[in-house]
Amino acid sequence: GGVGTMSAKDLAVVGATQSDNMPLLEKDQERPSRTGPSLAKNYKAMEHTGGIARWLHFTQRGHRGPVQCLASSATSDFIVTGGVDYSVRVSKLDYEYEAYSLVVVLDLPVPRELQTAPEKQGCFGAILGSPAQGEWAEEPAQGVTALCMVHTRSKKMVETCRGDKKDLQKLVRLGPIFSGTAHGSVYILDLSCVSQGQDRPKTQGVTSLTDLHKGPVTAICMLAMYPTDNSPGDEVLVLTSGEDKQAVLIHVKMQEVDKPDFQEKDVNGMSSTILDMLFCGGGGRRPGKVLDRESVRSNKWLKYVSHTIKKHIQHEEPIAEVVAFSHQRGNDEVSFASLTAGGVHLISHAGDRLRTLRIEATATKMYNANKDDTETIHVKCHQHCGFAESTKTRLVMDKDGNQELLSQSLLFVCGIGVSGDKDEQSWVAVWGIEEGVVGTKTTRGELVYAKETLNHRKDNIEPLCVYKQDGRMLDIDQAGSSTQFAAQLHEDGSTVHIWNTEAVEPGYLVADPSGPTSLLICPGREKVQMDLEHPEKVYAMKVIEDDEGPALITACESSTAFVWDLEGDDREQIYAELRSLTPLEIVLTPILLIVTAAQMLSFAFVPEAMWHDHVHGIAKHAHAALMFEVGPFKVDQEDFFWPEMYVICFFITMFQVCAVFGVSEWLDRKSRDAMSSDKYREEQHKKPCFRPATMWAQVVSIVERLNWLVVKLVSTVLVVPMMKACANAFRCTWPDGVPWYKALLGNPDNEIYLHTAPTIMCYKGSHLQLIVVLILILPGFLFVLIPHAVVEGDASYVPNKTLFKYAFWEEKNPWRLAAARKATNVHLAFMHMTPNYAFWTLFVELLGKVLMPLTAVWFAHRAYWQMGAISLIGFAMWLSTVIRAPYVERKFNVLLQALKLVSFLAMGTGLFTVILHDKKSHLPLLVLASTASVVLLTLTIQLCVMTARKARVAVFEAPEPAGTDAEAK
């Protein structure tokens, strides 16, 4: 409930809202107070500073419990989510990071009976700052149930732009956010107060309308008002609906102001700029397309001023949803629609109910694939369960030859009913609405839009067509010219089907069609084009239109909102997640970075380098620990060699099998199927002593997590040890005078032996078999390792269908797109990689991990060549971070570059020790200490002078209702 459909290109934007301060109860009517002090204060990062604030921001920026409703701006720059935890969260697209960042939190009053709800939070969760998870599922109708962000355009602007996308986006003005709750209250959040900073009272900017409905608010929608041709579009009509069978029409007035600042500016002085040039700190260097995207956004905002309740519209049944059609129209034309189980009720802007539409088709056509012919069927639905609207605009010529902008809408309604003597099925019916008038079909099958037809017909207006599609929750394409697809939630509750609704794309025809209904595909010929599978139940979904094309936002039970790409190279992929980070996600990235850096640095102190004996002894133990070796310990090398190689061969083989056959995808599907089964849900509800379905789901989940962990480790920290072990398997010692062809003969005299285990004879027996196996499996392993390494071992970004698309030198290669998508999926602040350079940064890192151990082992008998090659690899890895800034955050970027430079200096000093050839000399240590000190000193100055981006989140609290007693406060 509460998920309205809105078009990014509409003349006036449809959204969701609620507001006011006037209770609807009579003076002599008493109602027990059901609200108390807000308990949804699960975002406490702004109460702390430093590392604690960053940690809390990561772990508390998402909802505590399921996300129930969604809203967004016209250009999807802002996404608003409402949760069962009675909080509203606003996330803004950060162009520099190309990821959504939390900017506003609104805490709403929690009903008193829920304030003692049991919470799940272990001792470690309390220590790490993880928000507790309440037993929300055990209670009906809780939290925020309806949301919307107001955004309108002025009338003059629309007439001037004539539908040009960039010009329309440039002058779209965003406004207040309206939210409705399960206990019937409505709250208006004025975001223009954000610029006032933390000194602002938390209740400032929040207006409440207590008990607007006697029960949950199910949906809200809004349309812009243009009383005259010169109206600025600063007034909107808001329609709220509830389970109390009422829809409330509210007139809202706003005022245009300057756009508030949601994020702190990254300001650096001249000294920081000079220091940044010394080490090419990078970060914060925004590509041109980012600046272009900002230039087409409006710098104006709509500030909430006042509102007036105009009318209460009574219905016979509880209202499930409401939508609005374009801008304000005449009193006898359609402006709103409400949905009940009995049908769709058309409402004028004055609040008058005009007529009711029902899915009743006496003779609708449907293609029968079995007969390869079109047949006539009769459909009648007894329950209507969802609908969606999309408004299209096109230029037409009037009688005088002048161009005018014509508004046409498509109304999709899904319901449950029968066709003939068949069992109940799900159906989707379509109506066309032009300039507020519902289209009717003539006897010839033509579509006519005439007010006389609408006003004089008392019977039901049949839909244009009826599709047979499973599912209830529904939304449709919001493009401004055509409707190419519909999104419908499957009955399993976790899969969204995307099916085509258009037979021909506009622009491919000789003559343009008369309207969007002319392109609808014949029922029966539509096909499911995409299946968007979610890990848990989907509570709400919304189709949006961003700069790149259509996208879908879904709200899930797992406290997460996903953003799916529906077009282009990332089609059917998640490109953004709005959620909290787990402690493992926060600490894992720095740990992997430190371990990898230490592994590469340890090659500067290989045994062949002529370091001082004390340095050599310490470095030997450290290198062995980082390579997971047992060399320094008293263990027989032959006893360790074979188990190690067996394990490595097993991991390499299983890694390839999992990648080629899509084991990770298969386990993910099995896990979802196990948790979405009827038996599992029944056990979760009844909680019997023996739960086989729950046990099976847990087993599958454990196997899935183990698979994820293995793939993650093999793609990251285990690459260097595995490559070194494989290189050692080929490193054999040749005594003087033994010809090379003895290896081809199978080492008949047992003169050639393994360097790391002298008792193992090379090129014969088990060793020969090992060499053959490694030659066969290593090339394939390195091939499948590349796409996994560039996404840091996350197999969900490497589906089986893109595994063999290896042309990574092409700009639109799936491997490169996956790396960029992984880098922008979740906002990681200072750990956020530069999206454009994510693939090349991790690819160069992988090359270094592979080449460094191979070079150190195979050139061990030639110290000059060995240390020279190691130094060259270290220099290339440092130079790569200089040319392409790995991270967006400037401070973290220079820190990584300094770390790479110190590693290169250590490797260069190792080469100097070979040239000096004196193990007793302290000169190499002095050289390394002096150069490293200069780097660290420069780094310290940079870190002190540079300003780091900090999370800036404005926290609002709804004012307490007047009925709340002092003790509760």
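Accessible areas here come from the Shrake-Rupley method with a 1.4 Å probe, and for residues only the protein chains shown count as cover. This is a predicted model, in which local features need pLDDT of at least 70, side-chain atom pairs count only at pLDDT 80 or more, and totals for chains, interfaces and linings use all residues. Residues are numbered from 1 along each chain as its sequence is written, and side-chain values use heavy atoms, leaving out hydrogens and water.

**Exercise 1.** State how much area the chain exposes and what share carbon and sulfur atoms supply.

Solution. The exposed area is about 42,200 Å². Carbon and sulfur atoms supply 57% of that area.

**Exercise 2.** Trace the pairing of strands E12, E13 and E14.

Solution. Strands (E, at least two residues) are DSSP runs, numbered from the N terminus, and two of them pair if DSSP finds at least two bridges between them. Step one: E12 (residues 235–242) and E13 (residues 246–258) run antiparallel, joined by seven bridges. Ser 241 has Ala 247 in E13 as its bridge partner. Step two: three residues lie between these strands in the hairpin, where Lys 245 takes a positive phi near 70°. Step three: E13 also pairs with E14 (residues 300–314), antiparallel over 13 bridges. There, Glu 256 has Leu 302 of E14 as its bridge partner.

**Exercise 3.** Place Leu 713 and explain why it counts as partly exposed.

Solution. Leu 713 is in helix H13; helices (H or I) have at least four residues. Partly exposed lies between buried (under 20% relative accessible area) and exposed (over 50%), with a 1.4 Å probe and protein chains only. Leu 713 counts as partly exposed because its relative accessibility is 31%.
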